[in-house]
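Visitor: I would like to learn how to read an assembly of protein and DNA chains. Could you take me through one, feature by feature?

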Number of protein chains: 2
Amino acid sequence: MPAAAYDIATSRPDAAPEFSPRQQVVLQHALMLLVEGGEKALTTAGLARTASCSKESLYKWFGDRDGLLAAVVAYQASQVQFPSESGATADADTFRAHVTAFVEALLGVLFSETSLALNRLSIGQSNTNSNRLGHLLLVRGKHMISARARTMLESGRRHGLLKFDDAEDAYQVLYGLAIRDVHIRFLLGESASTAERDHKSQAETAVDRFYRLFGA
Amino acid sequence: MPAAAYDIATSRPDAAPEFSPRQQVVLQHALMLLVEGGEKALTTAGLARTASCSKESLYKWFGDRDGLLAAVVAYQASQVQFPSESGATADADTFRAHVTAFVEALLGVLFSETSLALNRLSIGQSNTNSNRLGHLLLVRGKHMISARARTMLESGRRHGLLKFDDAEDAYQVLYGLAIRDVHIRFLLGESASTAERDHKSQAETAVDRFYRLFGA
DNA sequence: GCAGAACCGTACGGTACGGTTCGGTGTGCG
DNA sequence: CGCACACCGAACCGTACCGTACGGTTCTGC
């Protein structure tokens with residue numbers, strides 16, 4: 001019996017997956033192939049060639065091709081880090097700056113080529129395999145970010161800087177104001193306009209509008 | 001030399017693709033296969049079986065498999081219709097109701113299983129084939145809707161009901177307020193919550209917030 | 001009624017890829 | 001030294017699917 005594939009059920013969402021350094025290098029090569037050529041470009045033979053490893057090792061480490069894809073998603077999701085928020089609600093200006101920095105980081109992550117490639121991969125597979133990749137990306141990616149954002153917004157509410165009923169609802173509005181339809185357009189292959197490349201000003205206008213809706 | 005594949009370059013974006021009734025039936029079967037099983041489920045042999053046609057006819061009509069996929073996208077995009085906007089700016093209330101109806105229709109289209117399936121298909125292929133499908137979906141789908149929305153919003157501005165500088169920017173905000181991260185979550189396989197199924201109230205709150213930002 | 005076109009169903013070639021097996025190589029350890 | 005282990009590279013197998021070819025059938029215009 002071969003080694004078990006990387007399984008979402010046996011790994012807690014908040015536990016970083018532990019891949020050996022060699023495996024991490026291989027996963028980075030897999031990610032490169034995904035970014036430049038999409039899912040079709042990530043073949044086991046091709047990955048073994050570019051990463052200078054044997055197919056036997058791939059199957060020993062990841063079980064099968066689906067396990068490899070899941071490992072790539074899990075690994076990259078674990079690499080994403082957001083700025084800490086400790087004590088960022090000292091006063092109104094620094095809190096607002098912190099919110100803006102959060103949105104800017106969000107734009108930077110979601111619009112990066114690696115994130116777009118992994119989203120394309122997961123979306124393309126979302127109606128097969130009982131949808132492991134989609135769940136993985138949602139649980140390890142979006143839901144983590146959403147939780148982080150909610151605590152940040154609630155902190156602002158506690159300090160009388162924001163005013164809303166449902167933190168999840170407020171976060172979704174902030175997300176919508178910041179992302180709009182840019183994400184889906186990028187996923188479909190459209191390239192960024194010069195204005196859309198300026199994440200800082202994009203974040204500022206989004207936060208400005210957010211405050212006009214939810215500012216205290 | 002076989003018949004040419006359906007080619008985006010030879011068809012004007014505003015011209016409805018003319019498929020014979022028989023071909024339209026086949027394309028609807030293809031769409032069914034796509035909705036229930038994703039791209040992997042749409043094989044030429046499988047489509048020929050379920051649509052009761054021969055593979056030879058498929059290749060005569062659509063050139064190759066990519067041409068078939070492009071034809072499915074183009075056909076379904078041509079089927080999407082939005083309510084007309086003639087004389088909907090009579091007074092403030094009817095205009096706002098019209099905007100709300102537009103948003104509700106937008107939600108209905110984007111969150112339909114067929115639209116989600118075609119978006120998944122196009123996104124999955126967006127880094128291959130010089131990205132024909134992504135462009136097709138953007139040009140025949142999103143850009144058409146965006147143009148329609150801009151004229152609607154500018155009509156509201158002419159009548160002194162709305163206030164904004166850039167219609168495209170205003171439309172993107174409306175889009176973001178309405179869609180938020182629901183679209184990407186659905187694309188990743190998450191199922192709709194009961195609140196998210198109520199497109200009417202979703203549209204109303206979105207339009208309410210939009211008016212607080214852009215109302216005159 | 002007949003010729004030709006369009007079409008159906010099926011069988012087949014070619015190919016790409018997932019997954020397995022095997023021989024060879026380097027390394028750590030008793 | 002010799003054994004075990006992990007790994008690499010390559011060959012191999014089975015399968016799924018695209019694209020084509022062909023015989024037989026239905027439709028259409030003259």
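Visitor: Let me begin with charges: how many salt bridges are there between chain A and chain B?

Guide: Please keep in mind that this is a predicted model. To count salt bridges, one looks for a side-chain nitrogen of Lys or Arg within 4 Å of a carboxyl oxygen of Asp or Glu. Between chain A and chain B the count is 4. One of the pairs is Arg180(A) with Asp169(B), where the closest N and O atoms are 3.5 Å apart.

Visitor: And how many residue pairs are in polar contact across the interface of chain A and chain B?

Guide: The rule finds 15 such pairs, with both residues at pLDDT 80 or more. On the chain A side, the elements that give two or more residues to the surface touching chain B are helices H1 (21–37), H6 (113–124), H7 (132–158), H8 (167–179), H9 (182–187) and H11 (199–214). H8(A) provides the largest share, 6 residues. By type, the residues on this side divide into 13 nonpolar, 15 polar and 9 charged.

Visitor: How do I read the extent of the interface, and what area is buried between chain A and chain B?

Guide: Two views help here, contacts and area. In contacts, 37 residues of chain A meet 37 residues of chain B. In area, about 3500 Å² is buried between the two chains, and carbon and sulfur atoms give 60% of that. Within chain A, the residues that lose the most area to chain B are Gln172(A), Leu188(A) and Leu213(A), together 19% of what that side buries.

Visitor: What rotation superposes chain A on chain B?

Guide: For symmetry, look at the angle, then the shift along the axis. Here the rotation is 180° with 0.0 Å of shift along its axis, and the RMSD is 0.1 Å. The two copies are therefore related as by a two-fold rotation axis.

Visitor: Why can one say that the copies meet through the same surface?

Guide: Compare the interface residues of the two copies. Because 100% of the interface residues of chain A are also interface residues in chain B, the copies use the same surface to meet.

Visitor: Now the DNA. Which residues come nearest to DNA strand C?

Guide: Start with the neighbours, then ask which part of the strand they approach. Of the 15 residues around DNA strand C, those that come nearest are Lys55(A), Glu56(A), Arg65(A), Arg22(B) and Ser57(B). Among the strand's atoms within 4 Å of the protein, 56% belong to sugar or phosphate and the rest to bases. Both kinds of approach can be seen in chain A: a polar side-chain atom of Thr44(A) lies 3.0 Å from a phosphate oxygen, while one of Glu56(A) lies 2.9 Å from a base nitrogen. Helix H3 (55–62) of chain A and helix H3 (55–62) of chain B are the elements that give two or more residues to this surface. H3(B) gives the most, with 4 residues.

Visitor: Which element gives the most to the surface near DNA strand D?

Guide: For DNA strand D that element is H3(A), with 4 residues. The strand is surrounded by 15 residues, the closest being Arg22(A), Glu56(A), Ser57(A), Lys55(B) and Glu56(B). Sugar and phosphate make up 54% of the strand's atoms that come within 4 Å of the protein. On the phosphate side, an N or O atom in the side chain of Thr44(B) is 3.0 Å from a phosphate oxygen. On the base side, a polar side-chain atom of Lys55(B) lies 2.6 Å from a base oxygen. The residues of this surface divide into 3 nonpolar, 5 polar and 7 charged.

How values were computed: Residues numbered from 1 in each chain as written. Chains lettered and ligands numbered in written order. Predicted model: local features only at pLDDT ≥ 70, side-chain atom pairs only at ≥ 80, totals over all residues. Heavy atoms only, no water. Contact = heavy atoms within 4.5 Å. Buried area = accessible area lost by both parts, 1.4 Å probe. Polar contact = N/O pair within 3.5 Å; in protein donor to acceptor, adjacent residues only side chain to side chain. Nonpolar A, V, L, I, M, F, W, Y, C, P; charged D, E, K, R; others polar. Least-squares fit on C-alpha atoms with pLDDT ≥ 70 in both. Near = heavy atom within 4 Å.
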